[in-house]
Amino acid sequence: MTPALLNLAIAVPAIGALIVAFVPGGRGDSARMVALMASAITGVITVSMLLDFDTSNAGFQFVTNRTWISDFGISWHVGIDGISLFLVVLTGLLFPLTIVAITPEHDPKPYYAWLLVLQAGSIGVFAALDLFVFFVFFEIVLVPMYMLIGGWGHGRRVYAAVKFFLYTMVGSALMLVGILALVSLQAKATGDPITFDLVTIAENFQVSENAARWIFLSFAAAFAVKVPLFPVHTWLPDAHTEAPTAGSVILAGVMLKLGTYGFVRFGLYLFPEASHYFAPLFLTLGVIGILYGAAVATMQKDLKRLVAYSSIAHLGFIILGIFAFTVQSLEGAIFQMVNHGISTGALFMLVGMIYERRHTRMISELGGLQKSAPIMAGVFTVVMLSSIGLPGLNGFVGEFLILLGAFGTARWWAVVAAAGVILAALYLLWAYQRVFHGEAEGDNATMADLRFSEGLALLPLLALIVFLGIYPKPMLERMEPAVMNLVAHIEEEVPDFNPPDDFTPPDDFERVVPTVAGETAEGEGE
Amino acid sequence: MSLTSLLAFTEAPAEIVTSPVDDLVFLIPLFPLLGFVALLIGGRKLGEPMAGWLATAACGGAFAMTLVVFAELVSRDYTQRSINQTLFEWVPAGEFSVDIGFLADPLSIAMALFITGVGTLIHLYSIGYMHGDVNFSKFFLYLNLFVAAMLLLILGDNLLLTFLGWEGVGACSYFLISFWFTKDANATAGKKAFVTNRIGDWGFMVGIFATFFTFGTINYVDLTDGAMEGVAQSTITAISVLFFIGAIGKSAQLPLYVWLPDAMAGPTPVSALIHAATMVTSGVYLMTRLNPFLAASADWVPSMIAWVGVGTALFAATIAVAQNDIKKVLAYSTVSQLGYMFLAVGVGAYTGAIFHMITHAFFKALLFLGSGSVIHGMHDEQDMRKMGGLKKFMPITAATFIVGWLAIAGVPPFSGFWSKDEILVFAWNENPGLYVVGLITALLTAFYMSRQVFMTFFGEPRFAHSGSEAAHGVEGHGEAGEMAEVGAGGAAGELAESSAGGAGTALATTSAAVATMDADPGDGDHADHHGDDHAHAGDPHESPWTMFVPLIVLSIAAIVAGGLNLPFTKDLHFLEHWLEPVIHENEAKLGFKGGTKWVLALIAIAAGAIGMMAAAAVYLKGRVDPAKIELPVLAKGWGLDAAFSSFMGGPGRWLFAFLAWFDANVIDGIVNGTAALTSGGGSLLRRFQTGYLRNYAFGLSIGAIATVAYFISRTAL
């Protein structure tokens, strides 16, 4: 196991971005080639980490831990476990596919540079095990997304970009205050020198219960905006609608996961007691998101806005899974993060392809496309059914595990949330009917079907949709040790935490305390 | 992946029997699944008719494989008739784990036999019926996928795999209802079927959760009568109700039946296979499979199931009386017959439920295929008021249809009589009230089916059939339209108009749109095929052999299937003995002697006879004006469907619209209001709005880099 791989996965797209941006000359084609190469190499690196990943190890792997700014106890501490692994791989794969599928309308050079910055930053967020490093990456990703929306978007792109930026900045600002408060209170309580190290703080958490709850809320504010949770979600439909297709794909596929991932890693792991205390609030907001997002999606006239609201519903499921604190619901939540990246990413690609051909996203102006573009219709159908949660496709596995697990600890929330599957069928099938069924007229009748490169980009996503639906085991078994570890951690830290009877870890299960010390520590499989 | 297999016994395990067949159960669903994959890859290249033959062979392979497994089970001792094959672990998460595993036991194999058998016949029939359709291979692709999903539903050894099949058949049903997607009514019907089913699926899903948390397993082998001991009755009651909600969605019972009549928008073989013989019986299967739950529930649960069943049976039968679309009659009839099956489940006559499911699969598939043959022969006419006297033109179709009619009407010795009588006997045993409602339904069934047969095949032709040469001169592609001209005496469009508006109340928009589509000469889909073959045909004609052979086979089955479970002596209760390992002691016992059974049977025969004679009086002899019977309220299905639609289109839609408005104005309004306040005070936001995007981001990047540089310079590296 080479820890360098993870650092490379962050460095390669970053260097790629520099090459694209600063190596002069050439037209868009060379920028595209460099971007494709850099992102594809990153994809290969992440996949090789997936293959190299020690399935039986609950701790962090591919760990690098080097002191960076010793005065403040900041270190370059990165590593991944079964929780972050698949988000890193998703980020590694979704970018090259997006680059293959979509070409920008203008200014390819900066476009590709920003995309690569976004890829590096996103992997950085998922890998960071130091609060400072995490915060830096968390903020860095805002800039390229802001630029992509503002520079290559449509319609009211500036409004959407600014709204996106300011909204997330407000959340992040609260988190920054929270981080500073946390490290100083922790240092005061333990008497140790100040440290930003996530693992060190989480494994020896000394901050008072009351303070921890407040600090948790400041983190939660940042994550809730990012997810986005009801009622702080309205930036999302605007950002999605006005963003260029690549922006929407990445925004839905990767960036929304920064919030849900944040809740797992910096919510549940760092503040188990506070997370547990506030769980009813977040469960409720999650369930509202599921039903409300779906209901509002039903009424949308713009296809992209519809998919955006469907994201809010899907992310609601993930929040439900996270705050239900069971092995099943957490595994389902992580599974669903990846599913949502795949299926919503694919949906946005398809909507982008329709827009490129028809120059409209208004549902009322489309119709009968199944006749003119049967292959696209077929692909759309599979992706739609995955999003609806049809068993046999990936979406079901995540949704089912979330609801199953939640039924154990948050019964009535789960029962209500399960009704969300009815609404999901309603808005997606209705949209499909209006766009693809019926008689094709005018430009709809002559719309071109999928191009080869488009099919090439969608094929891996389709393959994953089917594969993960039929054989999710390889993914579930890789995340299971880390998830069990997390649940055991919560159990240790939260006095009144009652997991459902069926979900006690096996007798021989022993929680792994991730290694903390050492200049370069490697997570070793035991 | 390794194929492990183990035998599980529901009874005390004696010596373990193994055989090579243990590892072959998975082949049953695999054949149609492979057919699906092959058609997905090469269907278009194969084209017509090879794609159809491939699909038929795939389904036939499944049937052959089912026979092999059936023979193996028969050869075994009674207690060991169960093969449990596990392919691989599907969803493992913590303590929860389910496999892709199959349970071949008397119940699942009995169903697999008629599903694959009837399925193969319907595949064969479709080769003729779908001839000339532009999406010929796609049709068979869906059909094979459907059969595979249906087999997973019944052969799955756990609730989750059943749920996979359950939703899989739902998806195929959606694809096939909206198969002719260019017409909006078809697309709407498909969507309605899926969404309505999803309401039931909510119950199924929550039922799975509750089962897992109560029993720690969702595997059928473990969910036995013994497992129910020590569990609170209220819990089991709740679980039973949840699964029942799932069942009424899929099996179209009150109040979730509304999707099934609309589902007739699909091609007729689909109606026969999915919306009559197989998929819609899934709910009955689920209830039978979970008989230990029902037995351990509070008593009101089986009673509720029985009353919902018999209520649906009567309700749908009254509606069927006033339908004029040949398929709509059969659709409501299906809803009604499914009601009988739920009545059977509710009164503990599980054997009766499965018995009726099997006989119904034969005679209802027969009737639907027969109606398809009529529609085909009549050049896409579905309105029975424009038929009549067809037995002269389509003798084979007429003869087989009449067999189906006698079977469903409960005329001995046709199969439907035996299975319906068994249910009615057990209903009497449980509650005479249930029996009376069931009996009235039987009378109505005989009436509306006789009405259909008389209107279609007897009497004088009500279409303008030509002995002359006029119709022979018709040429080329516009045949469907031309036929409409001949038939309705007007332009192609008029047929649609007359179906939709003419005499009016009976036909819902769906069937009107079907008529529109099929009569449209310019349409590229199904209507096309008449152009080539029947350019010479003016009169209704008999269907090709691929279509009438299945009719003949099914009619034989519809005659003799009663032999599965004849009531005379214990030795003749083959089906009951066969199913005993699955149902155990939960089958109700009759509390009266054989004499009562005879009396009940005679009453049932009399009810059927009265129904048939009444129909003859009205529709053959014309003694009563049909309008006095076909009341508009019945034609409209008591207005229930319309009420649901107007609720969804009214208050339901208003709520969603309100939420969308609320989101755009209130929630987002607060956000923008806050932003506006801030920008009023500060100059920062104004700078954003002048459009210096790049400058701003550039500054931000520089700042970030400078910060990072500062920290790097201070590192301890």
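What span should the 20 residues of helix α4 (residues 136–155) of chain B have, and how far apart are its end C-alpha atoms? I put this to the model, which is a predicted one. At 1.5 Å a residue, I expected helix α4 of chain B to span 28 Å, and since its end C-alpha atoms turn out to be 29 Å apart, the two values agree. I then looked up how covered α4(B) is, and found that 20 of its 20 residues are buried, which I noted as mostly covered.

Next entry, on a pair of helices. Two packed helices are described by the angle between their axes and the distance between the axes. For helix α13 (residues 300–320) of chain B and helix α14 (residues 326–346) of chain B, I noted a packing angle of about 160 degrees, with the axes 7 Å apart. Because angles over 145 degrees count as roughly antiparallel, I entered α13(B) as roughly antiparallel to α14(B). I also recorded that the crossing in which α13(B) passes α14(B) is left-handed, and that their contact comprises 18 nonpolar and 7 polar residues but no charged ones.

Last entry, on a single residue. Is A:M384 buried or exposed? I located A:M384 in helix α16 (residues 374–388) of chain A, and I counted A:M384 as buried because it has 25 C-beta neighbours inside 10 Å, where 20 or more are needed. Leaving aside residues up to four places away in sequence, I found that A:M384 touches A:L428 and A:Y432. I also looked up A:A346, which lies 38 residues from A:M384 along the chain, and the C-alpha atoms of these two residues are separated by 9.4 Å.

Definitions and conventions
Residues numbered from 1 in each chain as written. Chains lettered and ligands numbered in written order. Predicted model: local features only at pLDDT ≥ 70, side-chain atom pairs only at ≥ 80, totals over all residues. Helix = DSSP H or I, 4+ residues; strand = E, 2+ residues; numbered from the N terminus. Expected span 1.5 Å × (residues − 1). Buried ≥ 20, exposed ≤ 12 C-beta atoms within 10 Å, placed from the backbone. Axes fitted to C-alpha atoms, helices over the stretch in contact; angles between N-to-C directions. Parallel < 35°, antiparallel > 145°, perpendicular 65-115°, else oblique. Left-handed = near helix turned anticlockwise from the far one by under 90°. Nonpolar A, V, L, I, M, F, W, Y, C, P; charged D, E, K, R; others polar. Contact = placed C-beta atoms within 7 Å.
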